[in-house]
4 protein chains.
Amino acid sequence: MDFRDKQAIYLQIADHVSEQILLGRWTPGERIPSVRELAAELEVNPNTVMRTYEFLSQQNVIVNKRGIGYFPADDATDTIRAFRREQFLQNDLPQFFKNLTLLNIDLAEIETRYGQYIHETNAAQ
Amino acid sequence: MDFRDKQAIYLQIADHVSEQILLGRWTPGERIPSVRELAAELEVNPNTVMRTYEFLSQQNVIVNKRGIGYFPADDATDTIRAFRREQFLQNDLPQFFKNLTLLNIDLAEIETRYGQYIHETNAAQ
Amino acid sequence: MDFRDKQAIYLQIADHVSEQILLGRWTPGERIPSVRELAAELEVNPNTVMRTYEFLSQQNVIVNKRGIGYFPADDATDTIRAFRREQFLQNDLPQFFKNLTLLNIDLAEIETRYGQYIHETNAAQ
Amino acid sequence: MDFRDKQAIYLQIADHVSEQILLGRWTPGERIPSVRELAAELEVNPNTVMRTYEFLSQQNVIVNKRGIGYFPADDATDTIRAFRREQFLQNDLPQFFKNLTLLNIDLAEIETRYGQYIHETNAAQ
DNA sequence: GTGGTCTAGACCACC
DNA sequence: GTGGTCTAGACCACA
C-alpha cells in the first residue's frame, strides 16, 4: 500500500481488505486484523481503519461479532465480485467502447498487447 | 451536470466541452459559449465554468481572445485525442483486461451488447 | 445469540433466562444451568454468562447457593413480570400508539396477522 | 434535543433531521443547515454532524450537491416513513403482542388510556 | 462559503 | 483485549 494516490486512504484500505478476502487470504472463519492492529501495520490512525471497516460492513463484505472483532461475511467473495462486475459492466465497458471509436484507437496496438484476449473472445462465440 | 457525481463539476464540464470539440460541433473558427452563457445553460455557478475554461486554456485546448471570447485551439482535436489516448492506453486498457479475467466476465454477454465493435476490430487487422 | 444484534450479549442472555423462568420451564426448586453449561450451549464466553447471572442476581431474579449453583428466586416470575410491565406500559405502549398514527398504519394489515388478540381484548372487557 | 439518552448523538441528530423533513419544515427544494451551522446550533463537534449527514445520505434521506450543501431527497418523506413502518411491523408489533400475553397485561388499563384506538380498529373492519 | 478526510487523543461498554 | 463514539483541530478541493 502506498497513499500517494488521490483516492481517500480509507477507501484504498477497503480495496486492500477486499483484495485479501477475494484472494482467500482472509476467510470467513477467521477474524481479520483488529482496528488497532491494521492501523499500526499500515501506519494510519485507528479512526481511519474504523471508517474502512464501517464502510465494508455496510457493503456486507465483513461482519462484526461483538467484542471479538470483524470477520469476512460468508458470501463476501460473491458480494465483492458482484459489486465489481456491476461497476465494470455499467461504467467501464461502455466507456471502453466509446473511447475505441472516439479516439480512433490503433487496433493493431491493442492486438499486440492484448491479442490473446480478443482471440479468446472470438473462440468463445 | 450531475452534482452528485464524485468527479468535480468543473472537470465534468471540461469533458463536455472537449467532447463538443472532438465531435466537430465547435470548430476553431467559431467562438464557444461565453462563461455566462454556458453557466446559464448548465445551471451552474459562472465561477465554475470560468475554472473549466482556465483549465482547458492551460491544456491548450481552447484559447482566449481578449474582449471576444474563447475559441478552440487550432490543434484542439489532436491535443484532446492525444491526451485521452495516453490516458486510455496507460490506465483504462490494462485495467479493462485485468477486470476481464479477474471478474470472470461472461464474454457472450459483451458480445451481445458490443459485438459489432469486436468484429470491426478483426476486420481492421 | 445474535452477535450482530446491537444489544449486548449478556442482556440478550438475561432475556433468554428470564423467559425460561417466566414460561415455567425453570422453577425455583431446580438449579438453572451452570455458567459453563450455558456458555457451552450458547457458544459464548463463560465471562459473558457470568455477567448475566450477576446482573440477574442483582435484580433478584435468580439467587446463588454457594457451591451448588443458581436458582430462580421464589418470586422470580412476579419480579420479572413487574419489571417488564413497567417497561411495557411506560415506554413500549405509548410509542406503539404514537407510531400507529404517525405511520398511518393500515389497521387491516394488523387485523390479518393479530386479529385474535384484538378480539380477545374485547371479549375480556 | 438533549443528549442524556444512551443512543449515539449522531443518531439522535439523524432522528431530529428526519423529523424536520417528515414534518415538512425542511423541503426538498431548500438546503438544510450546513454541517458547521447545525454543529454550532446543537453545540456538538462538526464531525458528529458530518457523520449524521453521511448516515442519512446513505439512507437516501438527504442528498449532497457539491460545494452547495445537503438537501432533502425528493422522496425523503416516503423513504423515512417506509423505513419506520418496516421497523414497526417487523419488530415493535410482534413484540407488542408477545408482551400482551406474556405479561398478562390488564387490558382494562390499556382500554382506559388508548381505547379510542382499539375502537377505531374495530370500526375499520 | 461548502463538504471531506485525516490525525491525535480521550472515554466508554462489552467480551 | 475488542469496537464505538466524540472532541479538537488541521488541511484540502471545490462552488
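In the predicted model, 27 residues surround DNA strand E, and those that come nearest are Ile9(A), Thr48(A), Arg51(A), Met50(D) and Tyr70(D), a residue being counted as near if one of its heavy atoms lies within 4 Å of the strand. Of the atoms of DNA strand E that come within 4 Å of the protein, 76% belong to sugar and phosphate. The residues of this surface comprise 11 nonpolar, 10 polar and 6 charged, where Ala, Val, Leu, Ile, Met, Phe, Trp, Tyr, Cys and Pro count as nonpolar, Asp, Glu, Lys and Arg as charged, and the others, Gly among them, as polar. At least two residues each are supplied by α1 (9-22) and α3 (46-58) of chain A, by α1 (9-22) and α3 (46-58) of chain C, and by α2 (35-42), α3 (46-58) and β2 (69-72) of chain D; helices (H or I, at least four residues) and strands (E, at least two) are DSSP runs, numbered from the N terminus.

Polar contacts (pairs of N or O atoms within 3.5 Å) link chain A to phosphate oxygens of DNA strand E. One such oxygen is 2.7 Å from a side-chain N or O atom of Arg51(A), and for Arg66(A) the corresponding distance is 3.1 Å, whereas at Tyr10(A) a polar backbone atom is 3.5 Å from a phosphate oxygen.

Residues are numbered from 1 along each chain as its sequence is written, with chains lettered from A and ligands numbered from 1 in the order in which they are written. Local features need pLDDT of at least 70, side-chain atom pairs count only at pLDDT 80 or more, and totals for chains, interfaces and linings use all residues, while side-chain values use heavy atoms, with hydrogens and water left out.

Definitions and conventions. A polar contact is a pair of N or O atoms within 3.5 Å; within protein, one must be able to donate a hydrogen and the other to accept it, and residues adjacent in sequence count only if both atoms are side-chain atoms.
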